[in-house]
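Open your viewer and get the selection tool ready. We will go from one selection to the next and look at what is there.

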Amino acid sequence: MKPKLKGYKLSESADIDLEDIFDYSEYHHGISQAAKYLTDLDLVFDALVLNPQIGRKRDEIKKGLYSIPEQEHVIFYRILKDHIRIVRVLHGSKDLPKHF
């Protein structure tokens with residue numbers, strides 16, 4: 001039986017991505033919409049902890065990398081021994097492989 005994951009951790013890059021997403025959303029849609037969007041992303045992070053295999057394997061970008069779309073963004077993550085590591089949260093229109 002696989003050990004239960006204890007949560008998720010953000011990489012430094014993912015933390016910056018989330019700050020940028022919040023700032024952009026706040027500027028274009030207001031603070032309440034920006035906060036809701038980050039809450040929605042957090043719900044996906046929690047879902048990944050419970051079911052890490054729901055994402056798509058992205059070995060063509062980097063070995064061991066997974067991704068899952070959420071609204072306009074793509075969440076990239078790794079499944080580690082005791083947690084999920086959120087590597088990046090990038091807008092779907094970006095040239096995704098160049099960010100790794």
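Start by selecting S11, which counts as buried because its relative accessibility is 8%; buried here means under 20% relative accessible area, exposed means over 50%, and partly exposed is in between, using a 1.4 Å probe and protein chains only. Keep in mind that this is a predicted model, in which local features need pLDDT of at least 70, side-chain atom pairs count only at pLDDT 80 or more, and totals for chains, interfaces and linings use all residues. Residues are numbered from 1 along each chain as its sequence is written, and side-chain values use heavy atoms, with hydrogens and water left out.

Zoom out a little along the chain: S11 sits in the loop between β1 (8-10) and α1 (12-29). Helices (H or I, at least four residues) and strands (E, at least two) are DSSP runs, numbered from the N terminus.

Now show the side chain of S11 together with the backbone of A14. A polar atom of that S11 side chain lies 3.0 Å from the backbone nitrogen of A14.

Next, add R85, I86 and V87 to the selection. S11 is in contact with these residues, once its neighbours within four places in sequence are set aside; contact means heavy atoms within 4.5 Å.

Move on to H91, which belongs to strand β5 (residues 84-91). With 29% relative accessibility, H91 is partly exposed. If you draw a distance from its C-alpha atom to that of H29, you will get 16 Å, for two residues that are 62 apart along the chain.

The last stops are aromatic. Rings of Phe, Tyr and Trp (its six-membered ring) pair if their centres lie within 6.5 Å, and planes under 30 degrees apart count as stacked, over 60 as edge-to-face and the rest as tilted. How many aromatic pairs does this rule give? The count is two.

Select Y8 and F45 for an edge-to-face pair, 5.1 Å centre to centre with 65° between the planes. Y8 is in strand β1 and F45 in helix α2 (residues 31-50), so this pair links distant parts of the chain, 37 residues apart. Is F45 buried or exposed? F45 is buried, at a relative accessible area of 2%, whereas Y8 is partly exposed at 27%.

Finish with Y66 and Y77, a stacked pair at 5.4 Å centre to centre and 20° between the planes. Because Y66 lies in strand β3 (residues 65-70) and Y77 in strand β4 (residues 73-79), the pair ties together parts 11 residues apart in sequence. Y66 is buried at 10% relative accessible area, and Y77 is buried at 0% relative accessibility.

Technical notes
A polar contact is a pair of N or O atoms within 3.5 Å; within protein, one must be able to donate a hydrogen and the other to accept it, and residues adjacent in sequence count only if both atoms are side-chain atoms.
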